[in-house]
Amino acid sequence: MYNSLRKRLKVEIDQIKESGRYKDERIILSPQKSIIKTKDENVINFCANNYLGLASNDEIIDAAKRALDTHGFGLASVRFICGTQDIHKDLENKISNFLETEDTILYAAAFDANGGLFEPLFDHNDAIVSDSLNHASIIDGIRLCKAARFRYKNNDMKDLEQKLIESSNYRNRVIVTDGVFSMDGTIAKLDKICELAKKYNSLVFVDDCHATGFVGKNGKGSQEENNVIGKIDIITGTLGKALGGGSGGFTSGKKEIIDILRQKSRPYLFSNTLAPAIVGASLKAIDLIENNKSIISKLNENTTYFRNQIKELGFDIKGDNHPIVPVMIYDDKIASEMSDYLLKNGIYVVGFSYPVVPKGLARIRVQISSSHNKKQIDKAVSLFKKAGQKFGVIN
Ligand SMILES: *Cc1c(COP(=O)(O)O)cnc(C)c1O
């Protein structure tokens, strides 16, 4: 009898709407790129994870088409029955080479990589020491495993050390962190984390979804930025952000860990193989990053330019020199009104407020891409100036 559930859901939906947190989806009529077409107008897009502009890159699209021709549309199988093609192994090897790890396993999404990671590796004898701002998929993955849980304050190395001391009686321990915290644009202190891991005999896990392909001089992620390549035991990442933005994810790291995941990780064992077109395009994405350093340097140039311009206007911004640029508005209502105003004037950005971020720390998150040109960034800056003055955020 659906009636009783329907009543309950309607009440809940109304509550979400009243609280201003109902999520509406804007329909895009063009490919994902720096200027996107919506029903009403064209807007400059500053809210995609398309950091390297590869989502509409011609070479990537050609590679996807070629893979369709040579390897078909889909595998209609999980990997271990009849779903592994040569290109799946090629991509796993390519990711391992790129990240300088021992082996890699593909998943349908990074959400699945994180969801299927912990349960095969750890049980009640072990402890997971996790950053308080970790991604939802990490939190869900940890929930599915019986290990003891310790939570340390975001990026707080003192607190992490305290939790490592408290958890010293467990068999294996793993420090678990996002490589980049996506609400703040901050990069995890992996150099310090690796030191502590060594001192307290712990493993290190990093989810590098907002870093793989573009953070670090060669795009090897937060491990490269922190000079700890080779010291991270487990890295998860996505093919759905900088690496073309299609979909798919992976876990990369020590050989035996990846081996066990292939045997026991449930989202891998019980979910369909990544489509060949995505695999072909992702291979090409890593090729482009390895062979054309100007994609990453252009992104860094754009990021530095935008961050400097926005600071000069008098806004507070958070984060390290990452293309996620949180422009602090503090007030929930102003953040939402101001992002609406920016959108109406052709700059697509999103405001975040409580409970997504702490109370009183509302912000507009801007995401820079290497596909933005200077004119587009200048337009965003000048509109931020106008909006900031209009809403009383800056003088
Ligand atoms: C985006 C993201 C994910 C999920 O990636 P998908 O491949 O889209 O499932 C997981 N972790 C972090 C930190 C992310 O930013």
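**View 1. Asp103 and Arg262 are both buried.** Buried means under 20% relative accessible area, exposed over 50%, and partly exposed in between (1.4 Å probe, protein chains only). This is a predicted model: local features need pLDDT of at least 70, side-chain atom pairs count only at pLDDT 80 or more, and totals for chains, interfaces and linings use all residues. Residues are numbered from 1 along each chain as its sequence is written, and side-chain values use heavy atoms, with hydrogens and water left out. Asp103 forms a salt bridge with Arg262, their closest N and O atoms being 3.9 Å apart. A salt bridge is a side-chain nitrogen of Lys or Arg within 4 Å of a carboxyl oxygen of Asp or Glu.

**View 2. Glu92 meets Arg79 in a salt bridge.** The N to O distance is 3.0 Å. Glu92 is buried at 1% relative accessibility. Arg79 is buried too, at 7%. Lys89 also forms a salt bridge with Glu92, with closest N and O atoms 3.1 Å apart. Lys89 is partly exposed, with a relative accessible area of 35%.

**View 3. Polar atoms of the protein approach the ligand.** A polar side-chain atom of His135 lies 3.3 Å from a ligand nitrogen. A side-chain N or O atom of Thr238 is 2.7 Å from a ligand oxygen. From Phe111, a backbone N or O atom lies 2.9 Å from an oxygen of the ligand. Taken alone the ligand exposes 380 Å², and the protein buries 83% of that. Accessible areas come from the Shrake-Rupley method with a 1.4 Å probe.

Definitions and conventions
A polar contact is a pair of N or O atoms within 3.5 Å; within protein, one must be able to donate a hydrogen and the other to accept it, and residues adjacent in sequence count only if both atoms are side-chain atoms.
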